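Subject: Structure handover

Hello,

Here is the structure we discussed, with the sequence. My notes on it follow below.

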Amino acid sequence: MLKYGPEYEERLARPYVPPTVTLKQIHDAVPRQLLQKDPLRSTGYVLRDVLFCALVFAFGASIEPLLSSHFLGFVPLTAPWHTTLARTLLWLTYWWWQGIAFTSFFCIAHELGHGTLYNSKWANNILGFLLDTFVLAPFFAWKVSHNAHHKAVNSIERDENYVPYLRSDLKLPPEERASTADYAEVFEETPIFTAVRMFVMQGMGWWLYLSVNKLGAKFYPKGTNHFSPFSALFKDEQRLSILISDIGLVGMGWLLYQFGQAYGWKAFVAYYFVPYVLCNHCEFVTDIPRLPPPLVFHRIVMITFLHHSDPTIPHFRKEEWSFLRGAAATVDRPTLGWIGRFFFHNVAHDHVAHHFFSHVPFYNQPAITAAISKVLGENYNYDSTNTFLALYRSFTECCFMEDEGSIVFYKNKYGLAQREIADDAVVKIKKEGWSQEDQDKLQEGAISDSTRTD
């Protein structure tokens, strides 16, 4: 658990060479049947998630009766500390698994937002709206910005999410003049201040992104958010759906208020709010780069941050970016093992395949991963590093990027990049015919196919 995965170590030691395969080769490697939707199977997964959530709610409702009955007489609780310990363990169990259940709602709503589960636009949208609204996520607004992220993933100028801090953003001196003290002034913090920043990030990161576009695309005007139908994020034909998302959130807030009024706010916190906090931040992460490396657990970082933030994964400026290069520059991770595979619907295990085939059902993604990894070869990125250790590593190493350079890697808090670029190979690829204009033509059809939502 305390060692980096061999895949990561091998990638770190190898200078980066952009992939030279074509989108046609990648698409040809995938059997056509894997691209098909199975509405019956899709419905089974949706019902499974809802049933599991309901069962966990039932478990939570049974905690106090179990304690008062001494577990139906089978476990005598003869001292006050027995009851306190049992209550603590039972509620921790409830919060863990209900947080997992809430996360499964967001993950499967993510699939519905891509239109992957049903051939019907209405089925995808209605189910996605209901599931996302239950966990207070604006389905239609997130759908728009997330699909835009897929169209420009790892493009420094155009990506919608996970836009890296640049040297200039942090007001660091130029690389040739920067000293150790300059980096320390920005990145080294007291443990107490770090804890405060961690709390703000984990407790408010998702909502800061939605409300003020924190760590979102920099080309949007100040005040850009996911709640105004007139936000620069949206096109005219999308504005009504944004209003529907807002109405859904208000309605869910009203239902939660009624629950608190009827059963007490302590019950609201225990049954809904704590699991919501544990799940909510699977969705996005903000303000990561300045954080030193305390080892904490939140699914937000493990699921989303680690997809696109890794010392060995490049970002591109417009002269070197292409859809293929951006989609390949993501990482598959066995996050939470079978729990991540089962409840999070392969979102971390098969993220590379998802970026190439985001219109394909998640239950077909493992087979697609097996197919395209052979075509991508050394440009297929997998990391078996323990997720907690990978989180620690990315906190430490993924701090900022340079303002210059066509292909760039994250630098750490000492101003050092951990991976090199094979410049000779990049030049050779260009000489052999790679050009941005050609890539624009090739990727046009692939983007519409891979990111369409019905």
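Leaving aside its neighbours within four places in sequence, which residues is Asp 383 in contact with? They are Gly 5, Glu 7, Tyr 8, Arg 11, Asp 310, Val 331, Asp 332, Arg 333, Pro 334 and Arg 393. Please keep in mind that this is a predicted model.

Confidence and overall make-up

The average pLDDT of the protein is 86, and 86% of the residues score at least 70. Residues 281-298 are the stretch to treat separately: pLDDT stays under 50 there, and the model has 78 contacts for them beyond four places in sequence. The protein has 18 helices and 2 strands. Of its 454 residues, 55% are buried. Of the contacts between residues at least 6 apart in sequence, 73% join residues at least 24 apart.

Asp 383 and helix H16

Asp 383 sits in the loop between H15 and H16. Its relative accessibility is 0%, so Asp 383 counts as buried, the cut-off being under 20%. One of its contacts is Glu 7; the two are 376 residues apart in sequence, yet their C-alpha atoms are 5.7 Å apart. Another of the contacts, Arg 393, belongs to H16 and is buried there. Helix H16 spans residues 387-397 and is mostly covered, with 9 of its 11 residues buried. Besides Arg 393, the buried residues of H16 include Thr 387, Leu 389, Phe 395 and Glu 397.

Ala 348

Ala 348 lies in the loop between helix H13 (338-343) and H14. Ala 348 counts as buried because its relative accessibility is 4%. Beyond four places in sequence, Ala 348 is in contact with His 307, Val 331, Asp 332, Arg 333 and Thr 335. Val 331, Asp 332 and Arg 333 are also among the contacts of Asp 383. Ala 348 and Gly 337 are 11 residues apart in sequence, with a C-alpha to C-alpha distance of 10.0 Å.

Nonpolar cores

The largest nonpolar core has 29 residues, and those with the most contacts inside it are Ile 26, Val 30, Phe 356, Phe 357, Ile 368, Ile 372 and Leu 376. Two or more residues each come from helix H2 (23-28), helix H12 (323-328), helix H14 (351-356) and helix H15 (365-376). Apart from this core lies another, of 28 residues, among them Phe 102, Tyr 118, Leu 136 and Leu 249. Within the largest core, Val 30 is one of the residues with the most contacts. Not counting residues up to four places away in sequence, Val 30 touches Leu 35, Phe 357, Ile 368, Ala 371 and Ile 372.

Annotated transmembrane regions

An unreviewed UniProt entry lists residues 50-74, 94-110 and 122-142 as "transmembrane region". In the model, residues 50-74 are 76% helix and 0% strand, and the end C-alpha atoms are 31 Å apart. Residues 94-110 are 100% helix and 0% strand, with 24 Å between the end C-alpha atoms. Phe 102, named above as a member of the 28-residue core, falls in the listed region 94-110.

Cavities

There are 7 cavities of 30 Å³ or more in the structure. The second largest has a volume of about 90 Å³. Its lining consists of 15 residues, of which Tyr 16, Pro 314, Ala 328, Asn 379 and Asn 381 lie nearest the centre.

Regards

Terms used. Residues are numbered from 1 along each chain as its sequence is written. This is a predicted model: local features need pLDDT of at least 70, side-chain atom pairs count only at pLDDT 80 or more; totals for chains, interfaces and linings use all residues. Side-chain values use heavy atoms; hydrogens and water are left out. pLDDT is the predictor's confidence in each residue, from 0 to 100. Contact means heavy atoms within 4.5 Å. UniProt positions are given in the numbering used here, feature names are shortened, and annotations may be inferred rather than shown by experiment. Helices (H or I, at least four residues) and strands (E, at least two) are DSSP runs, numbered from the N terminus. A nonpolar core is a set of buried Ala, Val, Leu, Ile, Met, Phe, Trp, Tyr and Cys residues joined through side-chain atoms within 4.5 Å. Buried means under 20% relative accessible area, exposed over 50%, partly exposed in between (1.4 Å probe, protein chains only). On a 1 Å grid over the protein atoms alone, a cavity is a set of points where a 1.4 Å probe fits but cannot get out, and a pocket is an open set with protein on both sides within 12 Å along at least five of seven lines; lining residues have an atom within 4 Å of a point. Grid points are joined across faces, edges and corners, and a volume is the space filled by probe spheres set on the points.
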